[in-house]
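Colleague: I am new to this structure. Please take one part and walk me through it closely.

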Amino acid sequence: MEVNEQVERYYYGSVGNRSVVNASQLVTNIMSMLVPVFMRPQRFLQEMPEEAKDQLANQHVNHNLSQLTGIPLPLLLPTQFDESGDVTEIHDLIVEGPAGKPFLTQWAAPAITALQEEGVNLPDELAQLIRLSDSLT
């Protein structure tokens, strides 16, 4: 339930300038990752690569790590761990958008918001990106 609350808090409506349909689909996909594979919508299973089909254990690891360390969950969700606890991948938070301008991925706005809530002093460029993203929603 705590993971569910974190997803709703940081990801619902925080998808930059995507349409309402894309926002709804993103939230549905993130929520689907929190339940076992056999309970997920067929559409979701068809769209996901094989290695991403069972994220429930990974989400529990992230949640437990967040609770133990105090690191906000949105900073851990873009991180993939292996069985040994080593980080195997960190998803991009900022990518090159149209005309070469920085563009926030779906992981970035929640992570930046969580850092701001923690009182972390962010560079002005990041704060400006989050303000621009919010103004486009």
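Modeller: Here is a close look at the largest nonpolar core and the helix that gives most to it.

This is a predicted model, where local features need pLDDT of at least 70, side-chain atom pairs count only at pLDDT 80 or more, and totals for chains, interfaces and linings use all residues. Residues are numbered from 1 along each chain as its sequence is written, and side-chain values use heavy atoms, with hydrogens and water left out.

Start with confidence. pLDDT is the predictor's confidence in each residue, from 0 to 100. The protein chain averages 75, and 61% of its residues score at least 70.

Now the core. A nonpolar core is a set of buried Ala, Val, Leu, Ile, Met, Phe, Trp, Tyr and Cys residues joined through side-chain atoms within 4.5 Å. Buried means under 20% relative accessible area, exposed over 50%, partly exposed in between (1.4 Å probe, protein chains only). The largest such core has seven residues: Leu104, Ala108, Ala109, Ile112, Leu122, Leu129 and Ile130. Helix 6 (108-117) and helix 7 (124-135) each supply at least two of them. Helix 6 gives the largest share, three residues. Helices here are DSSP runs (H or I, at least four residues), numbered from the N terminus.

Look along helix 6. Its buried residues are Ala108, Ala109, Pro110, Ala111, Ile112 and Ala114. Take Ile112. Neighbours within four places in sequence aside, Ile112 is in contact (heavy atoms within 4.5 Å) with Leu104, Leu122, Leu126 and Ile130. Just after helix 6 comes Gly119, with a positive phi of about 85°.

Definitions and conventions:
Helix = DSSP H or I, 4+ residues; strand = E, 2+ residues; numbered from the N terminus.
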